[in-house]
Amino acid sequence: MARADLLKKLFSSYKHNDKDMFYKIASEIIEDERKKNHGILADDLKMILNGNYQSKKNMSTFATSTPKDEDKDTSLVEVIYPDKYFSDLITTNEKIEQLEQIVREFNNWDVLVSNGVFPTRRVLFYGPPGCGKTLAAQTLASEIGIPMLYVRFDALISSYLGETASNIRKVFDYAKNDSWIIFFDEFDAIGRSRNDSSEHGEIKRVVNAFLQQIDNYHGRALVIAATNFEQSLDYAIWRRFDETIQFNMPTNDEKIKLFILKMKRFKGPEHVIEQYLNELDRFSHSDIEKICQIIMKKCILEGKKMYTKNDVEYAVKKQESIVALRKTQY
């Protein structure tokens, strides 16, 4: 993030219509980010300043250079620019503080290293599906100000002997060129215990390859792995992470807060959701969001600007029928 003094000068120059000073300070901010090894952010800021910026959604800068699986000829990673922040998270204060500490350490990387300690570089998110692990990773990328390198497991896992381990190496080789959030979702696919009798020898090679790569990786990046099946992970995998953060099913209070947050675009009896807490007993954060989506789509298609209790009841019953079909250990 840009230094506070530079931001103050930037806003001051804008207020006083001092174009030369504005460009001077903006250039200093760009160089400041580049010194922090935030090369992609620095390049984007420079393009914005020079009027050559394109929306990241339309940019294909990385499309031809990202690593690929040779067998499938598909990209192993997807470059994402999240726009989610801590204000989008409905979770405990303790978890927010943990995430804020990770951001603080990353943004003070050089200070910590110069004093003989490293910032948090490897984090494991674990817990039930739909409880905010991916969203939390996205907020870290946005709060730090770096893109996310989303590892695509559909491409990473290869049917050819030894190719999965090779793909893992390609991901880390690519990542060392800039600052990233390197996000391994569904991590148990490659981090499964080597003592699992149901697994063949290939999984052992994959786990060994990951351990080797993460031990030898020294880039300025934050590696985040997320799993719904933490009990299946190899013991050695756990030891490689600096932080492990558990994500739980939402409390009733969190369900209410999430509903209000997601429905803020529409008027309606927001606290009526409290009447359905018994029905929401097994609902995850994702399930609450789906309720909100059902209500919003219903209002939009019916041309309504305000939702009713009947709309909430309809959405709850619809999502409840889906939740009832699940077989989960959580």
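Which residue, with a positive phi, follows helix 13? In this predicted model, that residue is Gly303, and its phi lies near 70°.

Helix 13 itself covers residues 285-301. Its 17 residues should span 24 Å at 1.5 Å a residue, and because the end C-alpha atoms are 25 Å apart, the expectation and the model agree. A good number of its side chains can be followed inward: His285, Asp287, Ile288, Ile291, Cys292, Ile294, Ile295, Met296 and Cys299 are buried. The buried residues of helix 13 pack against two other helices, helix 12 (252-262) and helix 14 (309-324).

Attention now turns to the sheet. Six strands form an open sheet with mixed pairing, in the order 3-5-6-7-4-8. Strand 3 (77-80) and strand 8 (243-246) stand at the edges; each has a single partner strand, so one side of each is left without a neighbour in the sheet. From one strand to the next, the twist averages 20°. Within the sheet, strand 5 (residues 148-151) pairs with strand 6 (residues 180-184) in the parallel sense over 4 bridges, and Leu149 stands opposite Ile182 of strand 6. Helix 8 packs on this sheet, where it touches strand 3, strand 5, strand 6 and strand 7 (221-227). The direction of helix 8 makes about 165° with that of strand 6.

Helix 8 (residues 163-175) also holds Lys170. With a relative accessibility of 15%, below the 20% cut-off, this lysine counts as buried. Beyond its neighbours within four places in sequence, Lys170 is in contact with Pro67, Lys68, Glu70, Leu76 and Glu163. Gln213 is 43 residues from Lys170 along the chain, yet their C-alpha atoms are separated by 9.8 Å.

Technical notes. Residues numbered from 1 in each chain as written. Predicted model: local features only at pLDDT ≥ 70, side-chain atom pairs only at ≥ 80, totals over all residues. Heavy atoms only, no water. Buried < 20%, exposed > 50% of the residue type's maximum accessible area, 1.4 Å probe, protein only. Contact = heavy atoms within 4.5 Å. Expected span 1.5 Å × (residues − 1). Pairing = 2+ DSSP bridges. Axes fitted to C-alpha atoms, helices over the stretch in contact; angles between N-to-C directions.
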